[in-house]
Amino acid sequence: MIILCQKCEARLQVDETKVPSRPFVIRCPKCHTSLDTGLPNQTQEDATAGGGPIIGESPRFELANPAPLFELKQNATEPMPAASADRLAELLSGLINQPAPGRNSSYARPSWDPRKVLVCVPEDYRESVALNLAENGYQVFVANDARQAVDRMRENLLDVVLLDPRFDPTEQGALFVTREVNTLRPAQRRRLFFVLLSPSLRSMDAHAAFLNNVNAIVNVSELTELLPLIERRLREYNDLYKDFKSTLGVPAL
């Protein structure tokens, strides 16, 4: 159930299994307004049958708004370079020579299939992180709020998610992103590399990563080393599941 504050338009997600059958009051965490949910009358129920409940004046159904793709800015005076014949031949060769799935085959990520990463961090360093990853061959999606983050996670098969616990605090962004990861089935979870960008935890602290149910931790004071740290941990992660993924014919992250 999504409750919409009529004063500040903040979206509050409530677990439907814990909602009482009688009317109840909830406080908006953004503007602290008391929201009296009441009970919908029969006319409203008939008019909105078939959809999940959204309390508020806004329309019940909203179009998905996934995090947009981050694109590198081209110099206006320079034409965008076209793919060369040599580069095309290299990509085709890599595709043709890709080993078939099998117990003894070693899957490596093909160059024509960049890692897809979702960036969920505060605005003050959002662009610098996205630019660093995009310049190093990642396909980057940048979420401005919790809704964009969740919609993108549900729409795309992502490889990496970067989350700062301070992301979109008014809409509890970190909570929604974490819950979306935790609800993945084991096979899906193994295909996602979850990185916590923390202002307090130590980078690459394996014990802290385990306690926070993430694959890696990077302290925000070491953002200049973000890419090398992620790449190193990804190599270790792929080595850990190498035989398992090779048997299943699943490519490495």
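**Group meeting talk: a walk around strand E6**

Let's begin in the middle of things: strands E6 and E7, residues 139–142, run parallel to each other and are joined by four bridges. One of these links Val117 to its bridge partner Val140 in E7. Lys116, meanwhile, stands opposite Gln139 in E7.

Before I go on, please keep in mind that this is a predicted model. The mean pLDDT of the chain is 77, and 72% of the residues reach 70 or more. Two stretches deserve some caution. Over residues 39–61 the pLDDT stays under 50, and the model has 24 contacts beyond four places in sequence for them. Residues 100–107 also have a pLDDT below 50, with 18 contacts in the model beyond near neighbours in sequence.

Now the overview. The chain has 253 residues, and 37% of them count as buried. It is made up of nine helices and ten strands. If you take the contacts between residues at least 6 apart in sequence, 55% of them join residues at least 24 apart.

Back to E6. What is the order of the strands in its sheet? Reading across, it goes E7-E6-E8-E9-E10, five strands in an open sheet with parallel pairing. At the edges we find E7 and E10, residues 216–219, each of which pairs on one side only. From one strand to the next, the twist averages 20 degrees.

So E7 is on one side of E6 in that order, and E8 is on the other. E6 pairs with E8, residues 160–163, in the parallel sense, again over four bridges. Here Cys120 has Leu163 of E8 as its bridge partner. Further along the sheet, E9 and E10 pair in parallel over four bridges, and Ser198 has Asn219 in E10 as its bridge partner.

How does the chain get from E6 to E7? Helix H3, residues 123–135, joins them in a right-handed β-α-β unit.

Here is one for you to think about: how many of the five residues of strand E6 are buried? Five of the five, so this strand, residues 116–120, is largely enclosed by the rest of the structure. To picture that, remember that in a regular strand the side chains alternate between the two faces of the sheet. In E6, Lys116, Leu118 and Cys120 are buried on one side, and Val117 and Val119 are buried on the other. Both faces of E6 are covered.

What does the covering? Let's look at two helices. H4 lies across E6, E7 and E8, and runs at about 160 degrees to E6. H5 packs on the sheet too, touching E6, E8 and E9, and its direction makes about 150 degrees with that of E8.

Let's stay with H5, residues 173–182, for a moment. Which of its residues are buried? They are Gly173, Ala174, Phe176, Val177, Glu180 and Val181. Looking down the helix axis, you would see these buried residues fall within an arc of 165 degrees, so they line one face of H5. The spacing makes sense when you recall that an α-helix has 3.6 residues a turn, so residues three or four places apart point the same way. The buried residues of H5 pack against several elements, including E6, E8, helix H4 (146–155) and strand E9 (193–198).

Just ahead of H5 there is a residue I'd like you to find on your screen. Glu171 lies in the loop between E8 and H5. Is Glu171 buried or exposed? Its relative accessibility is 15%, so Glu171 counts as buried, the cut-off being under 20%. Leaving out neighbours within four places in sequence, Glu171 is in contact with Ala10, Arg11, Ala146 and Phe176. Phe176, you may remember, is one of the buried residues of H5.

Ala10 also takes us to our last stop, Cys28. You will find Cys28 in the loop between strand E3 (25–27) and strand E4 (34–36). With a relative accessibility of 1%, Cys28 counts as buried. Not counting residues up to four places away in sequence, Cys28 touches Cys5, Cys8, Ala10, Thr33 and Leu35. The C-alpha atoms of Cys28 and Leu4 are separated by 9.0 Å, and these two residues are 24 apart along the chain.

To finish, here is the picture to take home: E6 sits between E7 and E8 in the sheet order, with both of its faces covered. Thanks for listening!

Methods:
Residues are numbered from 1 along each chain as its sequence is written. This is a predicted model: local features need pLDDT of at least 70, side-chain atom pairs count only at pLDDT 80 or more; totals for chains, interfaces and linings use all residues. Side-chain values use heavy atoms; hydrogens and water are left out. Buried means under 20% relative accessible area, exposed over 50%, partly exposed in between (1.4 Å probe, protein chains only). Helices (H or I, at least four residues) and strands (E, at least two) are DSSP runs, numbered from the N terminus. Two strands pair if DSSP finds at least two bridges between them. A crossover is right-handed if, with the strands pointing away from the viewer, the path from the first strand over the helix to the second runs clockwise. The arc is that of the directions from the helix axis to the C-beta atoms. Contact means heavy atoms within 4.5 Å. pLDDT is the predictor's confidence in each residue, from 0 to 100. Axes are lines fitted to C-alpha atoms, for helices over the stretch in contact, and angles run from 0 to 180 degrees between N-to-C directions.
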